[in-house]
Amino acid sequence: MRFIFYCIRRDLLTLTMEINYSTATVDVDHRFEYWSDVVCSHFIPASSRVSNRENFSARFSVRALGSLTIAEMSSPQHSWERTPHHLRTGPNDDFMLSLMLAGRGFLSQSGRDTMQRPGDI
């Protein structure tokens, strides 16, 4: 999967440069946890799961322009879940838009489901 995310947040500091993260430099046993922590620290609190942690390889880059965060993510199949705890602890006035570049994504929220394919927003 490869996405570009656009997220409007009121509580982020402006980054003066792009920050790039990769699991390539992280010990294999800790790659998924590292990547999950990185993504959640730049967006919203959530729990993440992956079916196969072996050979997990992902990249994430982020840049803020004022209150707009632009990020690109490339990763194998995984899932995110926001529980009531996450909803209480995270910001509730964020707006996130994603553009699927490759692969596919499935989103379920409040009983509504959608499949995201390359080119979908």
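How many aromatic pairs does a search of the whole structure find?

## Aromatic pairs

The search turns up four (rings of Phe, Tyr and Trp, the last by its six-membered ring, pair if their centres lie within 6.5 Å; planes under 30 degrees apart count as stacked, over 60 as edge-to-face and the rest as tilted). Take F32 and F56: their ring centres sit 5.1 Å apart and their planes meet at 85°, so this pair is edge-to-face. It ties together distant parts of the chain, with F32 in helix 1 (residues 31–42) and F56 in the loop between strand 3 (47–49) and strand 4 (59–65), 24 residues apart. Helices (H or I, at least four residues) and strands (E, at least two) are DSSP runs here, numbered from the N terminus.

Both partners are buried: F32 has a relative accessible area of 3%, and F56 has 1%. For burial, the cut-offs are under 20% relative accessible area for buried, over 50% for exposed and partly exposed in between (1.4 Å probe, protein chains only). W35 joins in as well, forming one aromatic cluster with F32 and F56.

## What this model is

This is a predicted model, in which local features need pLDDT of at least 70 and side-chain atom pairs count only at pLDDT 80 or more, while totals for chains, interfaces and linings use all residues. Residues are numbered from 1 along each chain as its sequence is written, and side-chain values use heavy atoms, leaving out hydrogens and water.

## Loop and hairpin

Back to the loop between strand 3 and strand 4, which also holds N55. At 64% relative accessibility, N55 is exposed. Its phi is positive, near 60°, though N55 is not a glycine. Most residues other than glycine have a negative phi.

Next along, strand 4 pairs with strand 5 (residues 68–74) in the antiparallel sense over seven bridges (DSSP must find at least two for strands to pair). Across that pairing, F60 stands opposite M73 in strand 5. The hairpin of these strands has two residues between them, and G66 there takes a positive phi near 65°.

## The whole chain

Zooming out, the chain has two helices and nine strands, in the order β-β-α-β-β-β-β-α-β-β-β from the N terminus on. Of its 121 residues, 31% count as buried.

Among contacts (heavy atoms within 4.5 Å) with a separation of 6 or more, 65% come from residues 24 or more positions apart. The accessible surface comes to about 7,900 Å² (Shrake-Rupley method, 1.4 Å probe), and 52% of that belongs to carbon and sulfur atoms.
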